[in-house]
Amino acid sequence: MPTAYRSHTIGQVVEGGESLIGEEVTIAGYAETVRGRGAICFLMLRDGTGQIQAFLKKDNLDASLFDAIQSATRESTIRVTGNVAQKRAPKTAEGESPPPPEFEVSVTSGEVLAEASAPLPLGVTDEVNVGLDVRLDNRHLDLRRSHVNAMFQLRSKVLEYGREHLISEGFQEINTPKIIAAAAEGGTNLFPMKYFETDAYLSQSPQLYKQLAVLGGLERVFEIGPAFRAEKHDTYRHLNEFVSFDIEGAWMDDEDVMGVQERMIRHIWNEVASNDLALIDAINEYRASQGKEPVSVEVPSLPFPRIPYCEAIEIVKKGGGEIEWGDDIESHHCDIIASKYPGFHFIPRWPMSMKPFYIHHKEGEEGSDGGQLSRGFDLNFGRDEMTSGGAREHRVEVLEQNLKDMGLDPADFTFYTDGFRFGAPPHAGWGLGVARLLMVLTGAGNVREVVLFPRDRSRVTP
RNA sequence: GCCCCGAUGGUGUAGUGGCCUAUCAUGCAGCCCUGUCGAGGCUGCGACCCGGGUUCAAAUCCCGGUCGGGGCGCCA
């Protein structure tokens, strides 16, 4: 649709050039390069949909406008009006076949909308590398780089396809509070805040609230929302504010929700592979310039491998890792497992002692040393954990015992446990780190790459 | 919280006590050329994180600070 500033997007002119030849269009964008200092001038304009060359001839337009555009700095925003024409073919080396026809706009009028300061804090099209910190300090410019832009377009697609899939399985979208009164789950540090005269915290997870929604009869719910953890970690995969893709479903167990998850991930990969490979190409073009292997969207087959905790421990032991039943499976252990299962894989049936109080267990399900197993699971991709989930405890007396066993006071959780006193459906769910999934899809080596304005231990701005 | 590493023009880098009035690329400014197209050619501009110390001499060695990177822990 035309807007006040343009009749066409650049993408429309690039793709529909043939049928637009001779037609007058108005386009607007960032000046990627401005070449020519004489009687003619080439302006490469870029908007969110593509890029195109605008051709300016001094004879064809107002002299002061010609000078203004010709001397415009890179990344200035410019609007031009002119006729679409086929570009003259570039010189090609002998034997090379000429490239397909391209189009340009032969400018007759226009306007410099906003001049960019020079020099730029980071080059949008420069070949030189830029450090992540400089990029994040200037995210507004970093985002103009095509592969970065592509990553965030993919992020939107991942959320869209994920939503789409869950809705198709009967899930409803909810929103839970991010300001909470008490330590919701324990186990992690929360950011304290003042809520008027009361002490409050930023929510670490929608866990307890999405369960209450299910207990209330909403049956199947999901939420895409922020979670906050006041942990001083400093790694490529942790942030203190992250977006979590959460689901919870009544009358389901751990195996049921693993099924939801693997189908959702397959759907996302499937849709990206059929609709969005241009975005992957933009990323791969950049990766090639950095000497990196291209990423490919390989739709995973179902079911994902299930490697129960006990078996995972054995794999780690056989692989030379030092680990005992009851230990957490750490990153270097995951490397051993990942060498056998490089893609997505579930690790179900963790020891109950390692899982939160709300995870369900079945009496009699025991590990090799007799320890109680839980119905909690993780989803990993390679060495990285994507998801934590499980069947939830729906028996209020067990729930209260679990709280006590973990050193928590049931009296602090009545807002939650009261939800179980009047009939509670067995239910299950999971939380998936959106950015971690995106790291897999885009090949990003750092979670900060795929988060617009990441919040880590030392960064609260921009 | 622990371990390791780093900080040089706007950006990315070279540099291992004197060869540094500091390299290269990119950028920026100007000129030339040009229907260019990763345009090209020429000229110029621009930097050693901060504070102490060692030394005849410090970008370089030492101490402290600040900021950053990698790994671990913990987790999504």
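Here is a short chat about how chain A meets RNA strand B in this predicted model.

Colleague: Why is chain A described as having two domains?
Modeller: A domain assignment sets those bounds, and in chain A it gives domain 1 (10-114) and domain 2 (146-450). Their C-alpha centres lie 48 Å apart.

Colleague: What makes a residue count as near RNA strand B, and how many residues surround the strand?
Modeller: One of its heavy atoms must lie within 4 Å of the strand. There are 50 residues around RNA strand B, and Q53, F55, E104, R229 and L239 are the closest.

Colleague: Why is the R74 pair called a polar contact?
Modeller: The cut-off for a pair of N or O atoms is 3.5 Å. A polar side-chain atom of R74 is 2.9 Å from a phosphate oxygen of RNA strand B, so this pair qualifies as a polar contact.

Colleague: What makes the R88 pair one that involves a base?
Modeller: The partner atom in the strand is a base nitrogen, 2.8 Å from a backbone N or O atom of R88. For R436, a polar side-chain atom lies 2.7 Å from a sugar or linking oxygen of RNA strand B.

Colleague: Which elements give two or more residues to the surface near RNA strand B?
Modeller: They are β2 (40-47), β3 (50-57), α4 (132-137), α11 (331-340) and β14 (384-391). The largest share, four residues, comes from β14.

Colleague: How do you know what mix of residue classes this surface near RNA strand B has?
Modeller: Sorting its residues by class gives 15 nonpolar, 15 polar and 20 charged.

Note on methods:
Residues are numbered from 1 along each chain as its sequence is written. Chains are lettered from A and ligands numbered from 1 in the order in which they are written. This is a predicted model: local features need pLDDT of at least 70, side-chain atom pairs count only at pLDDT 80 or more; totals for chains, interfaces and linings use all residues. Side-chain values use heavy atoms; hydrogens and water are left out. A polar contact is a pair of N or O atoms within 3.5 Å; within protein, one must be able to donate a hydrogen and the other to accept it, and residues adjacent in sequence count only if both atoms are side-chain atoms. Ala, Val, Leu, Ile, Met, Phe, Trp, Tyr, Cys and Pro count as nonpolar, Asp, Glu, Lys and Arg as charged, and the others, Gly among them, as polar.
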